[in-house]
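Trainee: Could we go through this model together? I would like to begin with its surface.

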Amino acid sequence: MGGYQFRWDVIPQNIDFLMSGLQQTLIISAITLCLAMLGGLLIATLDMSRFSILRFTGLASGEIIRNTPILVQLLWIYYVLPVVMNINLDAWWALIVGLSIYSSAFIAEAYRAGIQAVPKGHREAAQVLGLSPLQTFVRIILPQAIRLTLPPLAANFVQLIKYSSLGAVISVSEITRRGMELSSSIFRPLEVFTFIAVVYFLICWPLAMGIRIWERRLSNR
């Protein structure tokens, strides 16, 4: 390090290239969060089903997803799925599908905790009013559960921003992949990956701090 000559000027010279990767990172994270919210609700519904086969399906799928590495899941979707099921996904969609499945298993736990936290008296009041089980869930339980799970959902978004960097392994052009390509062409990995780390920090840290403040305010109400 004593003889290393820093060249921080390579960052502004290639900023457009790196920022186009950041744009992909944020787009992938946003799309994945929306899909994971739907998938998490499905898994949570299966987990709490009255039917044992559905409950077993939800619990088993959640446990399998949560207890296997996300990178292995991504590689399985991208390389194995075309062989096993003849389903070919390009790298961009393979990353979105993999991250959505992985995140949905964790969001399902947040949903389940939120649904179970809704007071039993609210369900009984809905029955007295003549609401069907579906109407009770959609109009009474789900809105309260979503409010309780908003901080975990926001925290999951922060995790997705960081997990999206795994797309570099399957050549998705997010910011980490762009950094790898740039580093291999200008041979300045220290400057490039330090800049990328700072970008991730400047995005994730304020979000994480905001989530903590949000959670404290909700707990004080």
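Mentor: A definition is needed before the surface can be discussed. A patch is made of residues with over 30% relative accessible area and no salt bridge, and nonpolar side chains are joined within 5 Å. Please also keep in mind that this is a predicted model.

Trainee: Which residues form a nonpolar patch on the surface?

Mentor: The nonpolar patch consists of Trp76, Val83, Val84, Met85 and Ile87, and together they have about 510 Å² of accessible area.

Trainee: Where is isoleucine 87 found?

Mentor: Isoleucine 87 is in the loop that connects α4 (70-85) to α5 (91-117). Its relative accessibility is 35%, so isoleucine 87 counts as partly exposed.

Trainee: And the whole surface: how much does the protein chain expose?

Mentor: The protein chain exposes about 12,600 Å², of which carbon and sulfur atoms supply 67%. Of its 221 residues, 36% are buried.

Trainee: Let us step back to the fold. How many helices and strands does the protein chain have?

Mentor: There are nine helices and zero strands in the protein chain. The C-alpha atoms fill a box of roughly 75 × 50 × 25 Å along the principal axes. Among contacts with a separation of 6 or more, 76% involve residues 24 or more positions apart.

Trainee: Turning to charges, how far apart are the mean positions of the positive and negative ones?

Mentor: They are 11 Å apart, taken over 17 positive and 11 negative charges.

Trainee: How many salt bridges does the count come to?

Mentor: The count comes to seven salt bridges. One of the pairs is aspartate 47 with arginine 112, at 3.9 Å from N to O. Aspartate 47 belongs to helix α2 (residues 15-47) and arginine 112 to helix α5, so this salt bridge ties together parts that are 65 residues apart in sequence.

Trainee: Is aspartate 47 buried or exposed?

Mentor: Aspartate 47 counts as buried, because its relative accessibility is 6%; the cut-off for buried is under 20%.

Trainee: Which residues are linked with aspartate 47 and arginine 112 in a network of salt bridges?

Mentor: The network links Asp47 and Arg112 with Glu63, Arg66 and Glu109.

Trainee: What about arginine 177: which residue does it form a salt bridge with?

Mentor: Arginine 177 pairs with glutamate 181, and their closest N and O atoms are 3.5 Å apart. Both residues are in helix α8 (residues 175-186), and because they are four residues apart, about one helical turn separates them. Glutamate 181 counts as partly exposed, with a relative accessibility of 31%.

Trainee: And arginine 188, which residue is its salt-bridge partner?

Mentor: Arginine 188 forms a salt bridge with glutamate 191, where the closest N and O atoms are 3.3 Å apart. Arginine 188 counts as buried at 17% relative accessibility. Glutamate 191 also counts as buried, at 0%.

Trainee: Now for the backbone. What is the phi value of phenylalanine 187?

Mentor: Phi of phenylalanine 187 is near 60°, which is a positive value in a residue other than glycine. Phenylalanine 187 sits in the loop between α8 and α9 (189-220). Its relative accessible area is 64%, so phenylalanine 187 is exposed.

Trainee: And what is phi for serine 171?

Mentor: Serine 171 has a phi near 70°, again a positive value in a residue other than glycine. Serine 171 lies in the loop between α7 (133-163) and α8, and it counts as partly exposed at 44% relative accessibility.

Trainee: Serine 164 caught my attention too. Where does it lie?

Mentor: Serine 164 is located in the loop between α7 and α8. Serine 164 is buried, with a relative accessible area of 0%. Not counting residues up to four places away in sequence, serine 164 touches Thr25, Ser29, Leu95, Leu99, Glu174 and Tyr200.

Trainee: One last residue: what is threonine 68 in contact with, leaving aside its neighbours within four places in sequence?

Mentor: With those neighbours left aside, threonine 68 is in contact with Gln73 and Tyr102. The C-alpha atoms of threonine 68 and tyrosine 102 are separated by 9.2 Å, and these two residues are 34 residues apart along the chain. Threonine 68 is placed in the loop between α3 (52-66) and α4, and counts as partly exposed at 31% relative accessibility.

Note on methods. Residues are numbered from 1 along each chain as its sequence is written. This is a predicted model: local features need pLDDT of at least 70, side-chain atom pairs count only at pLDDT 80 or more; totals for chains, interfaces and linings use all residues. Side-chain values use heavy atoms; hydrogens and water are left out. Helices (H or I, at least four residues) and strands (E, at least two) are DSSP runs, numbered from the N terminus. Buried means under 20% relative accessible area, exposed over 50%, partly exposed in between (1.4 Å probe, protein chains only). Contact means heavy atoms within 4.5 Å. Accessible areas come from the Shrake-Rupley method with a 1.4 Å probe; for residues, only the protein chains shown count as cover. Lys and Arg count as positive and Asp and Glu as negative; His and the chain ends are not counted. The place of a charge is taken as NZ of Lys, CZ of Arg, CG of Asp or CD of Glu. Patches are made of residues with over 30% relative accessible area and no salt bridge: like charges are joined within 9 Å, nonpolar side chains (Val, Leu, Ile, Met, Phe, Trp, Tyr) within 5 Å. A salt bridge is a side-chain nitrogen of Lys or Arg within 4 Å of a carboxyl oxygen of Asp or Glu.
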